[in-house]
Amino acid sequence: MIHILLYLNTYCIKKEELPKEMSEKKVTKIGVLTSGGDSPGMNAAVRAVVRTGIYHGLEVYGIMRGYSGMIEDDIFRMDSRSVANIIQRGGTILKTARSKEFFEPEGRAKAYQNLSKRGIDGLVIIGGDGSFRGAQKFSNEFDIPCIGLPGTIDKDIAGSDFTIGFDTAVNTAVEAIDKIRDTADAHDRLFIVEVMGRDAGYIALHSGIATGAENILIPETKTDIEELIASLTEKEKRRKLVNLIVVAEGDEFGGGNEIAAIIKKRLPNADTRVCILGHIQRGGSPTCLDRLIASRMGYHAVECLLTGRYNVMVGILNNKMNYIPLNNAIKAKQKISEDWFKIVKILAS
Ligand code: F6P
């Protein structure tokens, strides 16, 4: 215990020296929750937060179903054993939810009461941008330091090269698309595969390039439908009949079925099929990369709370830890380099 107090003292910074995202408040009891769509590796992150917290002498509490559990007082004390044998499991042992009530002041006030009666004075939130928005609001109102970890298969968060779950999801998509190509090849078919990504095309782009897709349609870019039809017509003429189109669910045409309807109308001779991969991409055992980044991020989230960092998201950029204000870690509408599309076109000819 003595060495923990010394440790905390070492990191006690005077208020006037604190940058905007720092606080002089020392945390002693922390809560951890998973929020929004689940993503493989969330369990590894929870494990890292719990064990790092306990290592530093903190009391650690698990909050069930994201902010809903905070409001409904579904909060329990965790120890090292509570996170045994979970690093390899998909989903989240804390369960997850998208809480509408937390976006109302009354909901946040209830949540605060439930934390304060236990003395919880720091939070780690594993989720996406919606969860971070909630955390920022909550922290502004009740002065509780919140640290965000990017947990989403969509990879649509600024300030990190990785989000927990993306690598697993994209590998699941690749495995499935490879299988689809086998049957597409056997029947000389045109396959349209819809992958997840309501607002982001990273799963489509990465899995499409990795499986040699002929076309990739994503929400970040506008698809020239005439160009797409022209290229398929040209391929049909030279008897290249096996074609894979990978489309993100949030593409402007509305996803796999919608784009298939257009193609079937314009190219009635093509033997066209649609496969929607759906939630299979959200489950499964996390890859080594997802376990690793989740463990690093979870460890550093607790370090952040101990050293007085306030309302930041822990990311990894160029293999170094990166801390950005939660406010800035919102959906990153990154401009996707033209190069990627050139690669698709040249390699799939
Ligand atoms: O945020 C991740 C995500 O998987 C999106 O890609 C997808 O559109 C959405 O969640 C689906 O959410 P739900 O499971 O609530 O239908």
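## Salt bridge and polar contacts between the domains

One salt bridge is found across the interface of domain 1 and domain 2. The structure is a predicted model. In a salt bridge, the side chains of Arg282 and Asp38 meet at 2.8 Å, N to O. Arg282 falls at the end of the range assigned to domain 2 (167-282), and Asp38 lies within the range 2-164 of domain 1.

Polar contacts across the interface of domain 1 and domain 2 number five residue pairs, with both residues of each pair at pLDDT 80 or more. On the side of domain 1 that touches domain 2, the residues comprise seven charged, three polar and four nonpolar.

## Domain division and buried area

The protein chain is divided into two parts: domain 1 covers 2-164 + 286-331, and domain 2 covers 167-282. Domain 1 is thus written as two segments, whereas domain 2 is a single range. Between the C-alpha centres of domain 1 and domain 2 the separation is 37 Å.

Contact between the two domains involves 14 residues of domain 1 and 14 residues of domain 2. The area buried between domain 1 and domain 2 amounts to about 1100 Å², and carbon and sulfur atoms give 56% of this area. Within domain 1, the residues that lose the most area to domain 2 are Ile153, Asp154 and Lys155, which together make up 42% of what that side buries.

## Residues around the ligand

The ligand is surrounded by Arg98, Ile153, Asp154, Met196, Gly197, Arg198, Glu249, His279 and Arg282. By class, this shell holds five charged, two polar and two nonpolar residues. Both domains take part in the shell: domain 1 (2-164 + 286-331) and domain 2 (167-282) each supply at least three residues.

Some residues of the shell also appear in the description of the interface. Ile153 and Asp154, listed around the ligand, are among the residues of domain 1 that lose the most area to domain 2. Arg282 is likewise listed around the ligand and forms the salt bridge with Asp38.

## Polar contacts and burial of the ligand

Oxygen atoms of the ligand are placed close to polar atoms of several shell residues. For Arg98, an N or O atom in the side chain is 2.5 Å from an oxygen atom of the ligand. For Arg282, the corresponding distance from a side-chain N or O atom to a ligand oxygen atom is 2.9 Å. Gly197 contributes through its backbone, with a polar backbone atom 3.2 Å from an oxygen atom of the ligand. Taken alone, the ligand exposes 400 Å², and 77% of that is buried by the protein.

Definitions and conventions: Residues numbered from 1 in each chain as written. Predicted model: local features only at pLDDT ≥ 70, side-chain atom pairs only at ≥ 80, totals over all residues. Heavy atoms only, no water. Near = heavy atom within 4 Å. Polar contact = N/O pair within 3.5 Å; in protein donor to acceptor, adjacent residues only side chain to side chain. Areas by Shrake-Rupley, 256 points an atom, 1.4 Å probe, with all protein chains shown as cover. Nonpolar A, V, L, I, M, F, W, Y, C, P; charged D, E, K, R; others polar. Domains from an automatic or database assignment. Contact = heavy atoms within 4.5 Å. Buried area = accessible area lost by both parts, 1.4 Å probe. Salt bridge = Lys/Arg side-chain N within 4 Å of Asp/Glu carboxyl O.
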